[in-house]
Amino acid sequence: MNVKANVVGWEDICAATDIVRGTGAAARVSGMQVAVFHTDDGFFALGNYDPFSDANVLARGIVGDIGGKLVVASPVYKQHFCLHTGICLEDMSVSVPVWPVTVRDGRILIAAQPAAA
């Protein structure tokens, strides 16, 4: 459940320990589905919507590394989206939005709006 954080412009999603390292979870931020990933490099948030399969499934994708880029592979058709930029590695004309993420007092906070492209 999303709860407004005390910090303006950020939404409190869950405890950092709620998302197992190497996995993702879906959350709702400002009415949009967001996929939140816990990696060795920290937490990342992308739009949960996979434009190739027309489904909200990216939170269930596999996190990995391709050519030094941290990615999530869509569980449907396996396209890889960069966790830093949201760009699809197989078709760079396609991307998903990326949200700023921070951890404060053990809680994951996601910006209320995605980062500008």
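Where is the place of K78? K78 sits in the loop between β9 (69–73) and β10. The model is predicted, and the backbone of K78 shows a phi near 75°. This value is positive, in a residue other than glycine. Most residues other than glycine have a negative phi. K78 counts as partly exposed, because its relative accessibility is 47%.

D54 also has a positive phi, of about 60°, and is not a glycine. D54 is placed in the loop between β6 and β7. With 57% relative accessibility, D54 counts as exposed.

Confidence was examined next. The mean pLDDT of the protein is 93. A value of 70 or more is reached by 92% of the residues. Residues 1–7 stay under 50 throughout. For this stretch the model has 17 contacts beyond four places in sequence. Where pLDDT is low, the predicted coordinates should not be read in detail.

The loop between β6 and β7 also holds S53. S53 is buried, because its relative accessible area is 18%, under the cut-off of 20%. The side chain of S53 makes a polar contact with the side chain of D50, at 3.0 Å. Residues up to four places away in sequence aside, S53 touches V76 and Y77.

Aromatic residues were then considered. A pair of aromatic rings is described by the distance of the centres and the angle of the planes. The structure holds 1 aromatic pair. F52 and F81 form this pair, with 6.2 Å from centre to centre. The planes make an angle of 45°, and the pair is tilted. F52 lies in the loop between β6 (49–50) and β7 (55–56), while F81 belongs to strand β10 (residues 80–82), so the pair ties together parts that are 29 residues apart in sequence. The two rings were also assessed for accessibility. F52 counts as partly exposed, at 29% relative accessibility. F81 counts as buried, at 0%.

A further ring takes part in a contact with a charge. The charged end of R104 sits over the ring of W10. The distance from the ring centre is 5.6 Å.

I87 is found in the loop between β10 and β11 (98–99). Its relative accessible area is 27%, so I87 is partly exposed. Neighbours within four places in sequence aside, I87 is in contact with H80, F81 and C82. M92, V94 and S95 are also in contact with I87. F81, one of these contacts of I87, is the β10 member of the aromatic pair. V103 lies 16 residues from I87 in sequence. In space, I87 and V103 are 24 Å apart, C-alpha to C-alpha.

Cysteines were examined last. The structure holds 0 disulfides. For C82, the closest cysteine sulfur is that of C88, at 11 Å. This is too far for a bond, because a disulfide needs the two sulfur atoms within 2.5 Å. C82 is buried, with a relative accessible area of 7%. C82 is also one of the contacts of I87. C14 is buried as well, with a relative accessible area of 13%.

Note on methods. Residues numbered from 1 in each chain as written. Predicted model: local features only at pLDDT ≥ 70, side-chain atom pairs only at ≥ 80, totals over all residues. Heavy atoms only, no water. Phe/Tyr/Trp six-rings, centres within 6.5 Å; stacked < 30°, edge-to-face > 60°. Helix = DSSP H or I, 4+ residues; strand = E, 2+ residues; numbered from the N terminus. Buried < 20%, exposed > 50% of the residue type's maximum accessible area, 1.4 Å probe, protein only. Lys NZ or Arg CZ within 6 Å of the ring centre and 35° of its normal. Polar contact = N/O pair within 3.5 Å; in protein donor to acceptor, adjacent residues only side chain to side chain. Contact = heavy atoms within 4.5 Å. pLDDT = per-residue confidence, 0-100.
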